[in-house]
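Here is a short guided tour for you to read with the model at hand. Take a look at the fold before reading on.

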Amino acid sequence: MSTRELVVLGTASQVPTRHRNQNGYLLRWDGEGILFDPGEGTQRQMLRAGVAATDITRLCVTHFHGDHSLGLSGVIQRLSLDKVQHPVHAHFPASGAHYFERLRHATAFYETADLREHPIAEDGPIAGGTKFALEARRLSHPVEAFGYRLTEPDGRTMLPEKLREHGISGPDVGRLQREGRLGNTRLEDVSTPRPGQRFAFVMDTRLCDAVYALGENADMLVIEATFLAEDTHLARDFGHLTAQQAARVAAECGVRQLVLTHFSQRYPDPARFLEEAKAEFDGEIVVAEDLERVQVPKRRSSPTA
Ligand SMILES: [Zn+2]
């Protein structure tokens, strides 16, 4: 079984609190481990959450404010210290490349890890293969920020019983999958549609088109909800979202599971974020807590438009 889950390492905006670390999220997606926005203290949170440096295959930074990037120095040094053998790809806004350089070389260390930098200058695909595509879109924040979206292509699930009925086995299965037809058997006769899954990560932005484009039909949307609706003016002025806005995005985008995070320390009671979101969105809502694991929901049974 492949693992698809979000490991929450930190949920605080701006500064850590007694119960919340600065941001940090590891998305386990089959063999990939994508670390999003490691804030200060991420290394220790990884230890507490059971995430090893060797689990990381990719770093995705939305923007260079400290609560989303100060953890890079420690995590990057750890890749070398723990002798991570595979390449690790780093994606971040090109306009902040000088910050990335400084964080990467903040202090002396013996660098052995193969860390490959991929600065992002515009919207579009940033990585991918046959199993998934990763894209970035520019958000609206005082510092240039990009959100991320991971899309698994739609596919088909082969039905062993039907294959047997049609007398198809061995290498013929692969041929049928590639060519769509084998003799009188069509691929549709022996398989069912398997909708690809979608994950979106939207962090530090006011409402803008990119938020909706990233969230479209997401199985899991991880999105900032720094403020509550009573402080909508603050959200607008500082380039953030309220829980109400985030939940409306989820409703309009046909999201299945909404994960709210990046909370301002001005609100001591997280239940208020849930209440506010519930009024707008009737899908599953998670008000993220540090060290929580959130499973990506099971596949949709039929493809979405
Ligand atoms: Zn932030």
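The sections below cover the domains, the metal site and the two sheets of this predicted model.

## Domains and annotation

Let us begin with the overall layout. The domain assignment splits the protein chain into domain 1, made of 4-154 + 195-295, and domain 2, made of 163-191. Between the C-alpha centres of domain 1 and domain 2 there are 41 Å.

UniProt, in an unreviewed entry, lists "domain: Metallo-beta-lactamase" for residues 20-116 and 194-263. Within residues 20-116, helix accounts for 31% and strand for 23% of the chain, with the end C-alpha atoms 30 Å apart. For residues 194-263 the values are 36% helix and 23% strand, and here the end C-alpha atoms lie 35 Å apart.

## The zinc site

Which residues hold the zinc ion? The zinc ion is coordinated by Asp67 and Asp204 through OD atoms, and by His68 and His262 through NE2, at 2.0 to 2.3 Å. If you would like to trace the donors along the chain, their spacing in sequence is D-H-x135-D-x57-H.

Asp67 belongs to helix 2 (residues 66-69), whereas His262 sits in the loop between strand 16 (257-261) and helix 10 (271-278), so this pair ties together parts of the chain that are 195 residues apart in sequence. Both Asp67 and His262 are buried. As for the geometry, the arrangement is irregular because the four donor atoms subtend angles of 91 to 169° around the zinc ion; a tetrahedral site would need all angles between 85 and 135 degrees.

## The sheet that includes strand 16

Strand 16 leads us from the metal site to an open sheet of seven strands, whose order is 7-8-9-14-15-16-17 and whose pairing is mixed. Its edges are strand 7 (124-128) and strand 17 (284-287), each of which pairs on one side only. On average, neighbouring strands in this sheet are turned by 20° against each other, direction ignored.

At one end of the order, four bridges connect strand 16 and strand 17 in the parallel sense. To find this pairing in the model, look for Leu260, which stands opposite Val287 in strand 17.

## The sheet that includes strand 1

Another open sheet of seven strands follows the order 6-5-4-3-2-1-18, again with mixed pairing. Here strand 6 (115-120) and strand 18 (293-295) are the edge strands, pairing on one side only. Neighbouring strands of this sheet are also turned by 20° against each other on average, direction ignored.

What does strand 1 pair with, and is strand 1 covered or open? On one side, strand 1 (residues 4-10) runs antiparallel to strand 2 (residues 24-29), with six bridges between them. Gly10 has Gly24 as its bridge partner in strand 2, and Val7 has Leu26. Strand 1 is also joined to strand 18 by three bridges, and these two strands run antiparallel as well. Val7 takes part here too, standing opposite Arg293 in strand 18. Val7 thus has a partner in strand 2 and another in strand 18. As for cover, strand 1 is mostly covered, with seven of its seven residues buried.

How values were computed: Residues are numbered from 1 along each chain as its sequence is written. This is a predicted model: local features need pLDDT of at least 70, side-chain atom pairs count only at pLDDT 80 or more; totals for chains, interfaces and linings use all residues. Side-chain values use heavy atoms; hydrogens and water are left out. UniProt positions are given in the numbering used here, feature names are shortened, and annotations may be inferred rather than shown by experiment. Domain bounds come from an automatic or database domain assignment. Donors are N, O and S atoms within 2.8 Å of the metal (3.2 Å for Na, K and Ca); water is not among the atoms, so sites may look incomplete. Four donors count as tetrahedral if all angles lie between 85 and 135 degrees; four count as square planar and six as octahedral if opposite donors are over 155 degrees apart and all others between 65 and 115; anything else is irregular. Buried means under 20% relative accessible area, exposed over 50%, partly exposed in between (1.4 Å probe, protein chains only). Two strands pair if DSSP finds at least two bridges between them. Axes are lines fitted to C-alpha atoms, for helices over the stretch in contact, and angles run from 0 to 180 degrees between N-to-C directions.
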